[in-house]
Amino acid sequence: MFKLIKIVVLIELINGILGLPLPFNQYAYMLARNNLTAKKIDLNDKERFVNIYMEKLKFEEFGQTADYFFPSRPIETELANVTSSNIYKFLKKLPKGGNLHIHEFQMLNRKKFLEIVFNREPEFSWLHICDKENNPDCLPNPSECKCTNYFLSYFAKQAGKGWIPVKGSNWTIDKIIEKTTLTGILNGLDEKIYPTDSRGRWLAANKYGVFGFYSDLTKYNRTRFDYLKACLDSSMEENVQLVEFRRSNFGGLYYIDDNLDKVYIEPEQELEMLIEFKKNYIEQNSKLIDFVFVIYGSRRRSKSDINSTLETSLKIQSKFPQMIRGFDLVGEEDQGHTLLFHSDTLMRGFNYSQSSNGTFNLIFHTAETNWPEDMEPAQFGDAVSTLNNIYDSIILRTSRVGHGIGLIKHPELYQYLIEREIAIEACPASNQILGYVSDLRNHPAINFFRSGIPIVLAGDDPGSFGYNDLTVDYYLAYMAWGLDLFDLKVIANNSIKYSSIPNEIKQVGYRKFETEWQMFIDDTYKDVCLKKNKNSQVNVSNLLPSFGPSNKQVELSIFGIGFERAICQKLFCLFNGVKTEAKMVGIGEIKCSTPLIQINKTQKIEIKIAIGDFIYSSNFMYTFIKDTIPILTDKTTTFYENNYNNSKYMSSSFIFTFISLFLTLFL
């Protein structure tokens with residue numbers, strides 16, 4: 001009978017493990033564990049060492065913040081801690097590909113923007129702020145002043161009621177920022193808004209005009225192009241090479257003539273100016289891949305308004321397909337109309353996209369909500385819920401999903417997104433500050449990513465929130481989601497692959513990205529090798545498995561500390577002088593394979609680790625077993641149950657008991 005068992009097991013060993021091994025012994029346990037934890041990591045040797053170094057930085061950060069973990073706390077209180085950390089400074093240099101979900105006039109750090117205006121003349125002399133609290137014209141009844149408090153605007157001639165000149169006033173850059181960024185507003189509230197109160201946080205943002213306070217300034221043509229250049233310069237500084245700006249329709253741009261009157265510029269002329277600007281910028285900054293625009297309408301608007309917005313965008317897109325690449329609906333999703341409400345108009349957008357030869361895409365904000373579909377109907381009597389937008393965006397063939405938080409409630413849709421390669425634009429910092437995900441360790445995007453749905457990381461509205469860099473989102477995701485260098489490279493590549501830019505520019509983009517990536521890896525590798533820690537103590541804490549067959553190469557996991565000494569060093573395992581190559585797979589784990597040896601009986605050998613010219617004892621013994629070690633899987637037991645269900649001698653429970661006793665007694 002036992003011979004029959006052994007034949008079945010041998011067949012299984014020859015053909016590869018058919019199912020997950022049952023953990024009757026440590027050897028089978030580790031086979032099962034390696035099966036489950038195996039991950040395709042396509043990194044070269046230098047990248048592997050950089051990955052280990054990044055893991056070291058992450059562990060150091062975790063050690064300092066475990067009891068006060070920044071990604072699990074409100075970003076408005078932890079932003080300074082995040083941006084001053086070593087891992088943040090390291091990640092800022094990482095090539096990130098593109099930023100595909102970014103609202104153009106909510107992108108730039110407001111400090112940088114105001115510094116531009118404060119140091120420009122005559123702009124600074126024209127700059128006014130609406131100050132209803134201190135302007136005598138607005139007292140004692142502030143409502144008589146029709147301007148929005150703390151908004152900024154240019155007045156080359158007489159200013160309107162309620163506006164005061166910033167120049168010569170007590171309005172400093174820091175004071176303006178405190179009043180006009182969401183982090184400043186939230187921190188300044190006497191009664192704090194709960195981290196998961198998305199409605200309350202949106203209300204605060206809208207009440208204080210967070211998303212509109214400098215919109216008038218960027219309508220002046222010189223400020224508009226100063227602003228755009230600063231956005232791209234900031235992107236270059238953090239190695240973002242591609243930007244897809246979301247914005248409203250073109251129009252409203254003006255310049256000031258000699259009579260100090262506004263002269264408006266036609267949308268076509270503005271786009272011609274943008275094309276020329278792009279050409280000149282790329283000539284001076286060759287690593288930039290591209291920047292393009294996705295036009296949006298406000299989801300709160302009427303059907304006729306959205307129809308008009310789409311019509312205008314399609315007309316201008318047909319003339320400038322290389323600049324305008326898509327259409328979206330924006331605004332607080334729980335408080336706006338659904339896609340179904342606007343479906344007649346959006347179907348026209350879909351029809352246009354199908355005949356555009358790939359130059360125009362629908363790219364929807366979708367499922368930026370925490371509500372299930374039977375609890376929160378969208379506003380204005382749409383009859384269906386916010387979460388229903390996920391269905392309609394798919395029907396309308398959205399090319400990407402903006403945010404997609406609510407998708408976690410519909411895993412049945414995952415396969416559709418995977419097969420059709422619909423990427424999700426994950427914006428962790430935005431999702432936290434607006435009250436959708438308070439603890440970013442639980443952000444649904446990591447579930448999407450590990451399930452096979454492509455994701456990209458994007459910034460959404462960083463300037464309005466109170467910071468500037470996409471690196472904030474990379475930090476939060478890297479620290480909170482269990483990502484490694486391979487994951488970050490995939491996500492960065494995704495941002496080029498799933499962008500809306502033309503295919504020929506994508507091919508150039510891949511090459512530009514790879515150039516930056518290789519420079520980053522080479523520079524980091526050199527730096528890491530120079531400052532590697534030679535004084536750390538190597539200490540092995542565990543060896544798994546501790547036994548295995550002598551006629552089979554068994555992958556061993558060696559756990560311990562001090563393995564960072566192996567960065568930039570040759571690494572081997574030694575078995576009585578027999579050397580096998582080893583690899584660090586983590587800051588606390590080394591993997592190596594056992595050698596094939598011929599033995600007449602069970603033999604125990606101490607394992608040593610060779611790091612460069614130094615040899616360290618593990619203080620652990622590995623036992624080589626002469627005989628085949630039985631391995632059973634769920635599928636193997638099914639075989640026995642099907643064939644020997646009525647046999648009291650060959651039941652699966654008998655086999656299990658026999659093997660357990662055998663291993664307990666003789667191993």
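## Exercises on confidence, pockets and a parallel sheet

**Exercise 1.** State how the pLDDT behaves over residues 1-18 and how many contacts beyond four places in sequence the model has for them.

*Solution.* In this predicted model, residues 1-18 keep a pLDDT under 50 throughout. For that stretch, the model has 27 contacts beyond four places in sequence. A second stretch, residues 638-667, also has a pLDDT below 50, with 32 contacts beyond near neighbours in sequence. Where pLDDT is low, predicted coordinates should not be read in detail. For the chain, the average pLDDT is 90, and 91% of the residues score at least 70.

**Exercise 2.** Describe the largest pocket by its volume, its lining residues and the classes of those residues.

*Solution.* Begin with the volume, which is about 1100 Å³. Next, take the lining: 42 residues contribute, and those nearest the centre of the pocket are Gln 106, Phe 211, Ser 248, Tyr 296 and Val 330. Two or more lining residues come from each of helix H10 (198-207), strand S5 (240-247), strand S8 (290-298) and helix H13 (303-319). The greatest contribution is that of H13, with 4 residues. Finally, sort the lining by class: 19 residues are polar, 13 are charged and 10 are nonpolar.

**Exercise 3.** Carry out the same description for the second largest pocket, and identify the element that gives the most to its lining.

*Solution.* The second largest pocket holds about 890 Å³ of space. Its lining comprises 32 residues, with Ile 41, Asp 484, Val 585, Gly 586 and Glu 589 closest to the centre. The elements that supply two or more residues are three helices and three strands: H2 (26-37), H3 (45-65) and H20 (471-480), together with S17 (555-561), S19 (578-586) and S20 (589-593). Among the elements, H3 gives the most, with 7 residues. By class, the lining has 15 nonpolar, 10 charged and 7 polar residues.

**Exercise 4.** Determine the strand order of the open sheet that contains S11, and explain why one side of S11 and of S14 has no neighbour in the sheet.

*Solution.* The sheet is built from 4 strands in the order S11-S12-S13-S14, with parallel pairing. Strand S11 (364-366) and strand S14 (455-457) lie at the edges and have a single partner strand each, so one side of each remains without a neighbour in the sheet. From one strand to the next, the twist averages 35 degrees. Within the sheet, strand S12 (residues 400-403) pairs with strand S13 (residues 423-426) in the parallel sense over 3 bridges. Val 401 has Ile 424 of S13 as its bridge partner.

How values were computed. Residues numbered from 1 in each chain as written. Predicted model: local features only at pLDDT ≥ 70, side-chain atom pairs only at ≥ 80, totals over all residues. Heavy atoms only, no water. 1 Å grid on protein atoms, 1.4 Å probe; cavity = no way out; pocket = protein on both sides within 12 Å on 5 of 7 lines; lining within 4 Å. Points joined across faces, edges and corners; volume = space filled by probe spheres on them. Nonpolar A, V, L, I, M, F, W, Y, C, P; charged D, E, K, R; others polar. Pairing = 2+ DSSP bridges. Axes fitted to C-alpha atoms, helices over the stretch in contact; angles between N-to-C directions. pLDDT = per-residue confidence, 0-100. Contact = heavy atoms within 4.5 Å.
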